[in-house]
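Colleague: Got a minute to go through this model with me? I'd like to start with the empty space inside.

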Amino acid sequence: MPGAKLLVAGRELLDWTVRREVLRDERIRLRSGSPATGLVGAPDGRSVTGVEFREGDPLAARFVVDATGRTSRAPAWLAALGHAAPQVTRYDSRLGYSSRYFEVPEDPARRWHGMYVQGRPDVPRGAVLVPQDGGRWLVTLIGNGEHAPPTDDDGFLDFTRSLRSPALHDAIRGAAPLSSATGFRATANEWRRYERMDRWPAGFVVLGDAACRFNPVYGHGMTVAALAADVLRKEIRDLAPRDVPAAARRIQRRTVAAAEVAWQIATSEDLRYAETEGPPADRATRILQRYMSRVMVGANTDPAVSSRFFGVLSLSTSPNALLSPGTVVRVLSEWHLPTTPTATAHPPHHDPPQVRTLQT
């Protein structure tokens, strides 16, 4: 993507940096070592007035935000206050991934800056290699359903032999592993529709993955959480403290917009896989999938299409960029799809590069 910059860091460095920046605000206090176990609320369930903890006294609060991510227990906490469970929309492509750290090899010919080996709907196996602080590579293997990658040493390396390109296998073969492989399988897209509930307590909001979580292969979770937090900031900025609790329902509904684009991208792409569990694609989604197949083909060779595509994929550009008249004409007139159903995104005469990389 022309002009794009990618800043990469290990999870340890990222978490440490975020923690340090948060604690620069002297108004923030941490209560660690005792997980939250529930909400304190009015007897009629119409408002949340605090949080209960496994140990210690409850913490009184005018306004409570659940940002506990995929492990959120908000449905159970709300049920304890007399609220019904939210509707849940779920799509699961049964994607699994395995990640492992490696020491960057000394051989200059193998010192990749980054690598992405694409999978295909008919052979859903891919991989990503990204540099990390401390002279490390993070290598992640990706697969759907029965193609989910293993976590044992031999199986991890063998999986790289089955990819569309031998480049990743050649890069890590003989490289010193710095960790064992760790697998992750809970990757379903799941939207808990709190904004549609008939009753909602004052003083409580659910944000980020706690409300709407995505297949992590698209990298949208942290961005959507940040966008939702920005909506929260704008909504309470001009309110007096006493008025914030009553705005909770409006805030919950307005944070929905932060997730809509990412949800459409993730679910429509996951529905390309036959094993995906969830509501079938409607006509609009099928049309979008067909159009996006052409966009992906064009993005491999057309800088203008590529720039708009990755801008939308990273949520930094409006989806309308791919629907502008100039882009639509370019995509529909230049980039054609094959007639065979097994290669909708990658026709033989415009097959994308098997590896998108930079190398010294």
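Colleague: What classes of residue make up the lining of the largest cavity?
Modeller: This is a predicted model, to be clear. The lining of the largest cavity has eleven nonpolar residues, three polar and two charged.

Colleague: How much space lies in that largest cavity?
Modeller: About 130 Å³. The structure holds one cavity of 30 Å³ or more.

Colleague: Which lining residues are the closest to its centre?
Modeller: Val-206, Ala-211, Cys-212, Thr-255 and Ala-259, out of 16 that line the largest cavity.

Colleague: And which elements each supply at least two residues of that lining?
Modeller: Strand S11 (189-192), helix H5 (221-237) and helix H7 (256-270). The largest share is from H5, with three residues.

Colleague: Stay with H5 and H7. At what angle do they pack?
Modeller: About 160°, and their axes are 8 Å apart. Angles over 145 degrees count as roughly antiparallel, so H5 is roughly antiparallel to H7.

Colleague: Is the crossing of H5 and H7 left-handed or right-handed?
Modeller: Right-handed.

Colleague: Switching to pockets. How much space lies in the second largest one?
Modeller: About 1,100 Å³ lies in the second largest pocket. It is lined by 25 residues. Ile-28, Arg-29, Leu-30, Arg-31 and Val-65 are the closest to its centre.

Colleague: Which elements give two or more residues to that pocket lining?
Modeller: Helix H1 (11-22), S2 and strand S4 (64-66). S4 gives the most, three residues.

Colleague: How does the lining of the second largest pocket split by class?
Modeller: There are 16 nonpolar residues, three polar and six charged.

Colleague: You mentioned S2. What order do the strands have in the open sheet of three?
Modeller: The order is S1-S2-S3, and the pairing is antiparallel. Strand S1 (36-41) and strand S3 (59-60) are the edge strands, each pairing on one side only.

Colleague: How many bridges join S1 to S2?
Modeller: Five, with S1 and S2 (residues 48-53) running antiparallel.

Colleague: Give me one I can find on screen. Which residue in S2 is the bridge partner of Ala-36?
Modeller: Phe-53. Pick out Ala-36 and Phe-53, and you have a bridge pair to look at.

Colleague: Good. Back to S2 for a second: where else did it come up?
Modeller: In the second largest pocket, where S2 is among the elements that give two or more residues to the lining. In the sheet, S2 is joined to S1 by five bridges.

Notes
Residues numbered from 1 in each chain as written. Predicted model: local features only at pLDDT ≥ 70, side-chain atom pairs only at ≥ 80, totals over all residues. Heavy atoms only, no water. Pairing = 2+ DSSP bridges. Helix = DSSP H or I, 4+ residues; strand = E, 2+ residues; numbered from the N terminus. 1 Å grid on protein atoms, 1.4 Å probe; cavity = no way out; pocket = protein on both sides within 12 Å on 5 of 7 lines; lining within 4 Å. Points joined across faces, edges and corners; volume = space filled by probe spheres on them. Nonpolar A, V, L, I, M, F, W, Y, C, P; charged D, E, K, R; others polar. Axes fitted to C-alpha atoms, helices over the stretch in contact; angles between N-to-C directions. Parallel < 35°, antiparallel > 145°, perpendicular 65-115°, else oblique. Left-handed = near helix turned anticlockwise from the far one by under 90°.
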